[in-house]
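Thank you all for coming; I would like to walk you slowly through one structure this morning, so please keep the picture in view while I talk.

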Amino acid sequence: MISVQNHRPLLSGNKWLTFLIIALIAAACSPKVRSVAVQPKKNEAGKPSVKTPVEKAANPAAPKVSNIALLLPFGLDHLRPGSPYTSVTLKEADIALDYYRGFKLALDSLTGQGYNFKLQVFDSKGEKSQAHSLALNPAVRSSDLIVGPVFPDDIKTFTSTYPNSSQPVVSPLSAASPAGIKNQQLVTMMPPLEYHAWGAAKYVNDRIKPKKIFILKSGYSEENDYLIPFKKATDSLSKKHVQLVYLTVIHGQLNSLIPQLSANSENVFIIPATDQHFLNVTLRALDTLSRSYQLAVFGHPSWVNLSFLKADLLQRLNTHVTVTDHIDYKSANAVTFIKDYRGEYNAEPTTYAFKGFDEGLYWGQLLGSGEVKNLAGKDFEGLHNNFHFQKKPGLGWVNTHISIYKYSNFELKKVE
C-alpha cells in the first residue's frame, strides 16, 4: 500500500521548466470538435437548383464537455524570491507534477476517442487555508468533478467548507479513513487500512481455515488500526470459531507459544508492526520456528516498501501481504504507457504518474457516460490500481479492492 506520505527523490533541476509551464496551463482544455454546415448543391450555371428543395443539414452535435477541477499541491508561491521550497514542500510538488502528467495523458488518450474535457488545474499549496478558498471558488464549484485536495486535513477543510456539493469530490492518493472526513460525496480511491485487514482475514478464513491465529504485537497503539478490524472480520467470517492468541513480543521471545503450535498444519501469524528493530528480531525468531513448524505470516501492507526486509527471509516464512497497487512492468499496457509518457514528457513515470493515469482514465470514461454519481458495479482494472467501490453511509464511496501477494522465487506473486 502506498500512501501520500511516501515520497520519491527530490525534483531534478531540469524539471523546473515543466513545472513553470504548469502555472501557464492551469486552464488547459482538450481539443474541441468543430461543427461544419452542409451547403445546398448548385447547378451548372452556378445557381441554386430549384427542382428539388434541399433542406439545410443540421449541425452535428459537439460531444458533451466535462469540466474537471484538479486540486494539487504544486506550491507555486515558493518559486518567488524569498520563499524557497523546503524539502517537504518540494516533495509535495514532485507528487503533484507526476500525478498531473499521468492524469492529463489519460484525458488526452480519451480525447482521441471522441471525449471532450475542460481540465482546470488549481494549486492547493498543501494548506488548509487554500483548501478553504478553493471550496468557495466558483470555477471549482461549477465543475462536474473535483479531484483533490491530496492530503486528509485539506480534504476535510474543503468538504466542510462546501459540504453540500452535488458533484463527487475525489481523494486521489490518501489511504486515510473517510471516517475522519464524513462526507457523502467523497470518493476514496486508495483503500484504507481496515480493508487490508478484512482482505487478510478473508483469505486466511477461506484458504487456510486455521483453528487459531497468533497475533504478534510490538506494543504500539497504532497497530490497533489493523488489529481491531481484523478481529471483527475474523469473528464475522468464522462465526467466532477461530481463536485469536495475542502476544506482545519482547526481544523475539516466542517460546510461550510453542505449546499451542500445530505440528500438522500451518500456523498463521499476523504481524501489524512496521518498526525496523522489532521486525528484524521477531522475524528471525519466526525463522527459527519455521525449521520445526509450518508457518504462514501475514504482514502490514507497508512491508512491500520496507527495504530492510529481505525477500529470502520473507519467502522462508511463507509471507503474505495485502496490496492495493502493483505495477506489472512487463505487461503490454504498462510498456505502452511508459513509452507514451517518455515521449510526451521526456521523463520516467513514477508510481504517482501511473496512479494519475489510472484515475484519469476511470473518471474520464465515467464523465463521458454521465455515470459519476453511482459507482456500484463500475469496476476498473488499471495499470497500477484496481477499483471496486462500495457506498458507505455517511462516508461516501470507498475503493475496497485488495489483492493478496506472497513471496515466491524471491519476489511478490499474486495469489488472490
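Let us begin with Val 169, which stands opposite Leu 186 in strand β5. I should say at once that this is a predicted model, so please hear everything that follows as a description of that prediction. The two strands involved here are β4, residues 169-171, and β5, residues 186-188, and they pair in the parallel sense over three bridges.

If we step back from that pair, which sheet do we find around β4 and β5? They belong to an open sheet of seven strands with mixed pairing, whose order is β2-β1-β3-β4-β5-β14-β13. At its edges are β2, residues 117-123, and β13, residues 389-392, each of which pairs on one side only. On average, and ignoring direction, neighbouring strands of this sheet are turned by 20° against each other.

Helices lie against this sheet as well. Helix α5, residues 152-161, lies across β1, β3, β4 and β5, and runs at about 170° to β4. Helix α11, residues 351-369, packs on the sheet too, touching β1, β2, β3, β4, β5 and β13, with its direction at about 150° to that of β1.

Now please move to another open sheet of seven strands, again with mixed pairing, in the order β7-β6-β8-β9-β10-β15-β16. Its edge strands are β7 and β16, the latter being residues 411-414, and each pairs on one side only. Here the average turn between neighbouring strands, direction ignored, is 30°. Within this sheet β6 and β8 run parallel and are joined by three bridges, and Ile 215 stands opposite Ile 270 in β8.

Two helices deserve a look here. Helix α6 lies across β6, β8, β9, β10 and β15, running at about 165° to β9, while α7 lies across β6, β7, β8 and β9, running at about 175° to β6.

How far apart are the end C-alpha atoms of α7? They are 20 Å apart, which agrees with the 21 Å that its 15 residues, 224-238, should span at 1.5 Å a residue. Several residues of α7 are buried, among them Tyr 226, Phe 230, Ala 233 and Thr 234. An α-helix has 3.6 residues a turn, so residues three or four places apart point the same way. The buried residues of α7 pack against α6, β6, β7, β8 and β9. Finally, just after α7 ends, Lys 239 takes a positive phi of about 55°, and with that residue I will stop.

How values were computed: Residues are numbered from 1 along each chain as its sequence is written. This is a predicted model: local features need pLDDT of at least 70, side-chain atom pairs count only at pLDDT 80 or more; totals for chains, interfaces and linings use all residues. Side-chain values use heavy atoms; hydrogens and water are left out. Two strands pair if DSSP finds at least two bridges between them. Helices (H or I, at least four residues) and strands (E, at least two) are DSSP runs, numbered from the N terminus. Axes are lines fitted to C-alpha atoms, for helices over the stretch in contact, and angles run from 0 to 180 degrees between N-to-C directions. Contact means heavy atoms within 4.5 Å. The expected span of a helix is 1.5 Å times one less than its number of residues. Buried means under 20% relative accessible area, exposed over 50%, partly exposed in between (1.4 Å probe, protein chains only).
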